[in-house]
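This report describes one protein chain, going from its overall make-up to its sheets, aromatic contacts and single residues.

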Amino acid sequence: MERIGAHSHIRGLGLDDALEPRKTSQGMVGQLQARKAAGVILEMIKQGKIAGRAILMAGAPGTGKTAIAMGMAQALGPDVPFTMLAASEIFSLEMSKTEALTQAFRRSIGVRIKEETEILEGEVVEIEIDRDATGVAAKTGKLTIKTTDMETIYDLGQKMIESLSKEKVTVGDVITIDKANGRINKIGRSFARSRDFDVNSAEVRFVQCPEGELQKRKEVVHTVTLHEVDVINSRTQGFLALFSGDTGEIKQEVRDQINTKVSEWREEGKSEIIPGVLFIDEVHMLDIECFSFLNRALEDEMAPIVIMASNRGITKIRGTNYTSPHGIPIDLLDRLLIISTSPYTEAEIRQILSIRCEEEDVEMTEEAKDVLTQIGTETSLRYSIHLITVANLVARKRKATEVDVQDVSRAYSLFLDEGRSVQYLKEYQQQYMFNDANMEVDA
């Protein structure tokens with residue numbers, strides 16, 4: 001089942017090769033300056049020239065801060081760790097706040113480990129399996145594989161015979177065998193055997209017979225996060241602990257040993273560090289203790305890029321009586337590169353609504369889009385986006401193929417926006433319990 005999320009239409013930052021933002025591209029609309037700034041940061045991350053830095057995306061609600069962060073995640077690709085965290089999550093976990101932040105930091109640092117392994121690669125010429133008549137003794141057999149230059153016969157044991165059977169290896173297949181663990185991987189079928197059958201499945205992949213020696217050395221690359229290494233080394237069940245959910249607190253001694261080992265691997269050329277991205281949404285919800293921890297953590301050599309987002313103005317720092325811009329202490333603000341987002345124009349709101357209609361597979365008339373754009377301008381972009389699916393359901397109820405103005409009007413009348421909800425409360429405040437507004441009037 002394909003689910004449609006609030007930012008599922010985002011495919012990237014919508015920049016060209018010169019890091020210039022296109023007006024509409026990859027699901028992104030408007031916010032040209034913010035996207036260009038994010039693109040510069042993104043390029044520095046890819047080149048590994050920036051680490052332990054922090055960026056703050058500041059703007060009013062509904063101006064695309066999270067969308068830009070999602071665009072960065074899409075552009076970075078699967079190899080660069082990207083961790084998303086809502087600041088309020090820190091207070092609901094069964095561990096200390098600093099431990100939760102430390103784990104988030106280490107989830108955002110990747111380690112690319114390189115190792116060489118010996119493999120056998122060739123085309124299967126013949127498979128002979130000897131079965132005992134009584135069925136008691138273990139199976140034995142011989143496997144003949146070849147390259148364009150040589151051909152060799154190998155003796156097979158019970159385990160290898162089972163692996164060949166599991167992979168459904170037949171004569172003519174091109175396979176690799178890992179000598180360290182005996183794992184068999186079927187690459188495809190030899191072109192020389194392409195005419196063995198009149199009809200082949202569409203899934204069959206034909207490849208050339210390997211050249212050179214049968215035995216080869218191959219470099220294998222594994223990418224893991226520091227947090228995954230921490231969990232594997234701190235739990236008796238090893239990597240299975242990663243699937244159990246809450247991994248609990250991890251001792252600092254374990255992390256220090258892992259950092260030392262990773263540093264040794266780096267010096268020996270066996271691994272490299274991939275600084276990823278930690279995105280903290282609603283960062284103003286952190287308290288003064290968390291901000292103090294971030295100040296220190298950003299100076300660590302194993303620190304990722306920290307991107308924060310806030311929609312607050314000058315407000316109190318949580319846990320204190322002091323006010324500060326965005327609810328962030330001044331000493332931490334001094335470390336941040338600040339990217340500001342501005343409200344969308346009417347034309348940009350219309351373009352975003354058109355993209356969302358396409359993403360949600362909703363056919364809508366131009367007149368209905370005009371009305372929805374007007375609603376988005378007068379209320380909020382998020383409210384108008386919510387009305388798309390509701391209006392579509394109303395249209396389907398009357399068996400229409402397109403959403404029309406009457407469907408949008410019906411959805412608008414069914415669900416209140418923030419402004420109309422406040423007006424309704426003011427009109428009927430006497431009928432509500434525990435109404436603070438009523439107390440203020442009496443005073």
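Helices here are DSSP runs of at least four residues in state H or I, numbered from the N terminus. Ser354 is found in one such run, helix H9, which covers residues 346-359. With a relative accessible area of 21%, Ser354 counts as partly exposed, because buried means under 20%. Between the C-alpha atoms of Ser354 and Glu366 the separation is 9.6 Å, and the two residues are 12 positions apart along the chain.

**Overall make-up**

The model is predicted. Its chain has 443 residues, of which 41% count as buried. The secondary structure comes to 14 helices and 17 strands. Among contacts with a separation of 6 or more, 65% are between residues 24 or more positions apart. The exposed area of the chain is about 25700 Å², and carbon and sulfur atoms supply 49% of that area.

**The parallel sheet**

Five strands, in the order E4-E13-E14-E3-E17, make up an open sheet with parallel pairing. Which strands stand at the edges of this sheet? They are E4 (82-86) and E17 (336-340); each has a single partner strand, so one side of each is left without a neighbour in the sheet. From one strand to the next, the twist averages 20°.

The edge strand E17 pairs with E3 (residues 54-58) in the parallel sense over five bridges. Within this part of the sheet, Ala58 stands opposite Ser340 of E17.

Two helices lie across strands of this sheet. Helix H2 (residues 65-76) lies across E3, E4, E13 (277-281) and E14 (305-310), and runs at about 160° to E4. Helix H3 lies across E4, E13 and E14, running at about 155° to E4.

**Antiparallel pairs**

Strand E5 (residues 109-130) pairs with E12 in the antiparallel sense, over five bridges. In this pair, Val111 has Ile273 in E12 as its bridge partner. E12 itself spans residues 271-275 and is mostly covered, with four of its five residues buried.

Strands E6 (residues 140-146) and E7 (residues 151-156) also run antiparallel, and six bridges join them. The two form a hairpin with four residues between them. Lys142 has Asp155 in E7 as its bridge partner.

**Aromatic pairs and charges over rings**

The count of aromatic pairs comes to four. One of them is formed by Phe105 and Phe293: the ring centres are 6.4 Å apart and the planes stand at 80°, so the pair is edge-to-face. This pair links distant parts of the chain, with Phe105 in helix H3 (residues 97-107) and Phe293 in helix H7 (residues 288-297), 188 residues apart. Both Phe105 and Phe293 are buried.

Another pair is Phe191 with Phe206, whose ring centres are 6.1 Å apart and whose planes are at 25°; the pair is therefore stacked. Phe191 lies in the loop between strand E9 (184-190) and strand E10 (206-207), while Phe206 is in E10 and 15 residues away along the chain. Are these two rings' residues buried or partly exposed? Phe191 is partly exposed at 42% relative accessibility, and Phe206 is partly exposed at 24%.

Arginine side chains also lie over the faces of rings, as listed below.

| Arginine | Ring | Distance to ring centre |
|---|---|---|
| Arg318 | Phe91 | 4.1 Å |
| Arg420 | Tyr412 | 3.7 Å |

**Residues with positive phi**

Most residues other than glycine have a negative phi. His326 has a phi near 65°, a positive value in a residue other than glycine. This residue lies in the loop between strand E16 (323-325) and helix H8 (330-333). His326 has a relative accessible area of 18% and is buried.

Lys399 also has a positive phi, near 60°, and is likewise a residue other than glycine. The loop that holds Lys399 is between helix H11 (381-397) and helix H12 (405-414). Is Lys399 buried or exposed? Its relative accessible area is 75%, so Lys399 is exposed.

Notes: Residues numbered from 1 in each chain as written. Predicted model: local features only at pLDDT ≥ 70, side-chain atom pairs only at ≥ 80, totals over all residues. Heavy atoms only, no water. Buried < 20%, exposed > 50% of the residue type's maximum accessible area, 1.4 Å probe, protein only. Contact = heavy atoms within 4.5 Å. Areas by Shrake-Rupley, 256 points an atom, 1.4 Å probe, with all protein chains shown as cover. Phe/Tyr/Trp six-rings, centres within 6.5 Å; stacked < 30°, edge-to-face > 60°. Lys NZ or Arg CZ within 6 Å of the ring centre and 35° of its normal. Pairing = 2+ DSSP bridges. Axes fitted to C-alpha atoms, helices over the stretch in contact; angles between N-to-C directions.
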